[in-house]
Amino acid sequence: MRYNSTTDKSIVVTASQAIAQGISTDGGLFVPMEIPQYSMSDIDALTKLDYRGRAKKILADYLDDFTAEEIDECVEKAYTKEKFGSDDPAPLSYQKFGDVDMNILELWHGPTSAFKDMALQILPHLLTKSLKKTTDKEAVILVATSGDTGKAALEGFRDVDGTKIMVFYPVDGVSPMQKRQMTTQEGENVAVCAIKGNFDDAQTGVKRIFTDPALVKTLNDNGYLFSSANSINWGRLLPQIVYYFSAYSEMVNDGKIKLGDKINVAVPTGNFGNILASYYAYRMGLPINKFICASNSNNVLTDFIATGTYDKNRSFYATISPSMDILVSSNLERFLYHMTDGSDAQVKEWMTALKTTGAYSVDDATKAKITDIFTGGFCDDEKTQQIIGEFFNKYGYLCDTHTAVAVSVYKDYVEKTGDKTPTVIDSTASPYKFSKAVLEAVADGETLPDDEFAMVDLLSEKTSTQVPAPLAALKSKETRFTNVCAKEDMADFVLGTLGVK
């Protein structure tokens, strides 16, 4: 198993090199040169395993320069009952919303109450083992976050030997709870900085740092190398494939589908990583009929799927589902590579156009391949809160703002198409991470308290649901990080934090 760059397939690396580097030297993203193929008997075998067993099998098929013992250790340390509250870190909740079945895949039971834990609890173990195989340098992990990735990465890499982690977030682009999670982060090897800009600015800044030859050399000379915990890193994306196979296995075990039946997936996404993981599962053999890509008002992906034109030259909206407030969906690059049968030249042309003009259009053949299996939809803030209120008040299920976007888009899809294929809907965060918006949706217009934690307590009281312990504990934590910088000064922050001139 080897990996090459989406924009220069002559660059070929091992799995451990792909994870250690995070991004290719040419700025492209690493993709597997072959995708493992699973038969129905292989999938049947997965139904007999628990989540950890499924993870070990899938990771082993992609990480062939890891020993079985290394993968076993990574998985066992990542998906513990202590961290996720049960032996199943990604449980399904079977709900009804009117006459529409909702197979909710709850991905937020980890230590930071967001789906990013599913990958970022295991990535530090994969990365440290990759570093030992490839270099003697210390890894400087740079993360751009629209809210959830930052805290999950900080928690995952906290005090991990041989690593330093720095997280950049948009100063006005995360929820108060997300901000508090990051700014109170414990650990000797962590740093956090807000930037004056949006998530796309943070993501572009991190990529620019990664590919600045002079900066890379400076770090090299001082015993450091850059790596990433964003989903541009294959080690972040790979673990997300597991929970789609696991959800399918559990639906078979629970009698919701029969082995071999097709499912749909509905995924709220901004950076395209989560839904791309389900596409890899499909390419491996998981029977998926349709991918339903759900966006908020920053609906660049909805428009792309419908028209074949990706255009970031549009208004940017700060919404109540901030983890999806993204106009440059970096993982789409990997998807386009596969949609063009590995045409690195074509992908490079499109990515160059995106950087220089802010837009590109795919050819008709590529568009047809995309729309054959993908559909898109979006949901604004008003509809998001309407869905949260209705889902809870009528049917007793409390969801966060991002999950509500997926529920809304999926309901619209069913009404439009009549497609009742059993569908897995990703629930990506605890409602308590966005307590103000969720409380407004269920509180019937009453005046809310100003304090974030008073809102959390009121939401718990009104809905008779429990505040996740890691979020409740934030109330008494001290703020450690108050840094704010211009997007142009991100590299200076990195060097200053490392004490490198």
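Among the residues of a cavity lining, Ala, Val, Leu, Ile, Met, Phe, Trp, Tyr, Cys and Pro count as nonpolar, Asp, Glu, Lys and Arg count as charged, and the others, Gly among them, count as polar. With that division, the lining of the second largest cavity in this predicted model falls into 3 nonpolar, 2 polar and 1 charged residues. The points below take up the cavities, then the salt bridges, and finally the surroundings of T128.

**Cavities**

- The structure holds 2 cavities that reach 30 Å³ or more, and the largest of them has a volume of about 230 Å³.
- A set of 23 residues lines the largest cavity, and those that lie nearest its centre are F115, K116, N271, S323 and I326.
- Helix 12 (234-253) and helix 13 (273-284) are the elements that give two or more residues to the lining of this largest cavity.
- Sorted by class, the lining of the largest cavity is made up of 7 nonpolar, 14 polar and 2 charged residues.
- The second largest cavity encloses about 40 Å³ of space, and its lining consists of A144, Q203, V206, K207, N230 and I232.
- To the lining of the second largest cavity, helix 10 (residues 199-210) gives the most, with 3 residues.

**Salt bridges**

- The structure holds 28 salt bridges, one of which joins the side chains of R52 and D50 with a nitrogen-to-oxygen distance of 4.0 Å.
- Within that pair, R52 has a relative accessible area of 14% and is buried, whereas D50, at 40% relative accessibility, counts as partly exposed.
- A further salt bridge brings together the side chains of D72 and K56, with a distance of 2.6 Å from N to O; this pair links distant parts of the chain, since D72 belongs to helix 4 (residues 68-78) and K56 to helix 3 (residues 51-62), 16 residues apart.
- Both partners of this bridge are classed as partly exposed, D72 with a relative accessible area of 32% and K56 at 22% relative accessibility.
- K129 forms a salt bridge with E73, in which the closest N and O atoms are 3.4 Å apart, and this pair also links distant parts of the chain, with K129 in helix 7 and E73 in helix 4, 56 residues apart.
- At 14% relative accessibility K129 counts as buried, while E73, with a relative accessible area of 34%, is partly exposed.
- Through salt bridges that share partners, D50, R52, K56, D72, E76 and D87 are joined into one network.

**T128 and its surroundings**

- T128 has its place in helix 7, which covers residues 123-134.
- Because buried means under 20% relative accessible area, T128 is classed as buried with its value of 18%.
- A polar atom of the T128 side chain lies 3.1 Å from the backbone oxygen of H125.
- When its neighbours within four places in sequence are left aside, T128 is in contact with V160, D161 and T163.

Notes
Residues are numbered from 1 along each chain as its sequence is written. This is a predicted model: local features need pLDDT of at least 70, side-chain atom pairs count only at pLDDT 80 or more; totals for chains, interfaces and linings use all residues. Side-chain values use heavy atoms; hydrogens and water are left out. Helices (H or I, at least four residues) and strands (E, at least two) are DSSP runs, numbered from the N terminus. Buried means under 20% relative accessible area, exposed over 50%, partly exposed in between (1.4 Å probe, protein chains only). A polar contact is a pair of N or O atoms within 3.5 Å; within protein, one must be able to donate a hydrogen and the other to accept it, and residues adjacent in sequence count only if both atoms are side-chain atoms. Contact means heavy atoms within 4.5 Å. On a 1 Å grid over the protein atoms alone, a cavity is a set of points where a 1.4 Å probe fits but cannot get out, and a pocket is an open set with protein on both sides within 12 Å along at least five of seven lines; lining residues have an atom within 4 Å of a point. Grid points are joined across faces, edges and corners, and a volume is the space filled by probe spheres set on the points.
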